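Subject: Structure handover

Hello,

Here is the structure I said I would pass on. My notes on it follow below.

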Amino acid sequence: MQFEIKYLIAILAAILIFGGLYFKFLYDVPDGEEITNMWVSWFLIIFGVIGITVSTLWKKRNPLEVDSGDDVALDDRR
Amino acid sequence: MNKLHILIIAAGVCIIVAFSLYTFGSRSTFHKSGTKESPVNSVVQVSSRGPSTTVSTYMNRENPGNFYSIQFPSKAVVEHGNASGSYTARLPQGVFSVQLVDIPDNSDVPLVLLTHIQPALKSTLQGFSRVGYNQFNVGGHRAWDLAYTWKNATARMESIKAIVEGSDNAASITFSGPRQEFGTQNTNFTVIKPVIESFHWIGQ
């Protein structure tokens, strides 16, 4: 069984989301660093959500098959 | 692109929009420094030591996890301070300032008071001299106060800085006024103590 890259992206995205939530809600932000903390946690969570979305949409393609781009038509013919 | 893909993309966009609104929407509550603050209510307080006074309650909900309420005499002019979650109240006897103080996780209030706040006061105030240090309780929370004298351009001043422990930040309540006002215990019992004792963390 081959490890697919989408799982790696999903794991990395989950780590980003965990980091963002930690900085947002658990980290004791030093005085004057609130703006930096806000942007860092926002970027981590946004990229994490994008990563999870991309990995969910990731579709494994067989390079030997030519994608006609008309899956519905093929399904109908079957 | 089938329905499932559209659903996944819509969910991702919804989460991003919701989190962005939560992050940036909460910043819009920040008040500008010097903005006049309005009390949430005013009540008459009957005191055994002196005449009854009217006090106004102010609620600060700017910093999540550090919401608090405090009462000032109704004749005080209360404005928003420089920092988020801070107030300045001007009275004939002197000036109150309330602000949140970050206490690092690996430290505590007395340590910060003696190793950061006191040295900072000593280096910024002319003729700083500590005259008192006490521990007491405010609304079930431990508190420490530091009394000190200093000199401004025209007169000898005295201040009392009380730090009230909280679950995240601590609150610093400072009263500063001319030294002769402190000579009479009246100011201490009718103005300073009631304000400090009225401080209350909301939800802690």
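A residue is called buried here if 20 or more other C-beta atoms lie within 10 Å of its own. Please keep in mind that this is a predicted model.

By that count, the buried residues of helix α2 of chain A are A:S41, A:L44, A:I45, A:G48, A:V49, A:G51, A:I52 and A:T53. They pack against two helices, α1 (5-26) of chain A and α1 (3-25) of chain B. The helix itself runs over residues 34-57. With 24 residues at 1.5 Å a residue, α2(A) should span 34 Å, and the 35 Å between its end C-alpha atoms agrees with that.

The rest of chain A can be put briefly. Chain A has three helices and zero strands, so the pattern along its sequence reads α-α-α. Of its 78 residues, 15% are buried. Taking contacts in chain A between residues at least 6 apart in sequence, 72% join residues at least 24 apart.

Next, the contact between the chains. Chain A gives 12 residues to it and chain B gives 12 residues. On the chain A side these are eight nonpolar, two polar and two charged residues.

How are α2(A) and α1(B) placed relative to each other? The angle between them is about 175 degrees, and their axes are 9 Å apart. Angles over 145 degrees count as roughly antiparallel, and the two helices are therefore roughly antiparallel to each other. From α2(A), the residues that meet α1(B) are A:M38, A:W42, A:I45, A:I46, A:V49, A:I50, A:T53, A:T56 and A:L57. Their counterparts in α1(B) are B:H5, B:I8, B:I9, B:G12, B:I15, B:I16, B:F19, B:S20 and B:T23. The residues of this helix contact comprise 12 nonpolar, six polar and no charged. A:I45, A:V49 and A:T53 appear both among the buried residues of α2(A) and among those that meet α1(B).

On its own, α1(B) has 23 residues and reaches 32 Å from its first C-alpha to its last, close to the expected 33 Å. This helix is hardly covered: zero of its 23 residues are buried.

Chain B as a whole has four helices and 11 strands. Of its 204 residues, 28% count as buried. Among its contacts between residues at least 6 apart in sequence, 44% join residues at least 24 apart.

In soluble globular proteins, nonpolar side chains tend to be buried together. The largest nonpolar core here has 34 residues, and B:F72, B:I163 and B:V195 touch the most other members. Beyond its neighbours within four places in sequence, B:V195 is in contact with B:I70, B:Q71, B:F72, B:F96 and B:I173. Another core, of seven residues, lies apart from that one and includes A:F23, A:L44, A:I45 and A:V49.

One residue of chain B to look at is B:S56, in strand β2 (residues 53-60). Is B:S56 buried or exposed? B:S56 counts as buried, because it has 20 C-beta neighbours inside 10 Å. Leaving out neighbours within four places in sequence, its contacts are B:P39, B:S42, B:Q71, B:F72 and B:S74. B:I70 is 14 residues away from B:S56 along the chain, and their C-alpha atoms are separated by 8.3 Å.

Regards

How values were computed:
Residues are numbered from 1 along each chain as its sequence is written. Chains are lettered from A and ligands numbered from 1 in the order in which they are written. This is a predicted model: local features need pLDDT of at least 70, side-chain atom pairs count only at pLDDT 80 or more; totals for chains, interfaces and linings use all residues. The expected span of a helix is 1.5 Å times one less than its number of residues. A residue is buried if 20 or more other C-beta atoms lie within 10 Å of its own, exposed if 12 or fewer, and partly exposed in between; C-beta atoms are placed from the backbone. Two residues are in contact if their C-beta atoms, placed from the backbone, lie within 7 Å. Ala, Val, Leu, Ile, Met, Phe, Trp, Tyr, Cys and Pro count as nonpolar, Asp, Glu, Lys and Arg as charged, and the others, Gly among them, as polar. Axes are lines fitted to C-alpha atoms, for helices over the stretch in contact, and angles run from 0 to 180 degrees between N-to-C directions. Angles under 35 degrees count as roughly parallel, over 145 as roughly antiparallel, 65 to 115 as roughly perpendicular and the rest as oblique. A nonpolar core is a set of buried Ala, Val, Leu, Ile, Met, Phe, Trp, Tyr and Cys residues joined through C-beta atoms within 7 Å.
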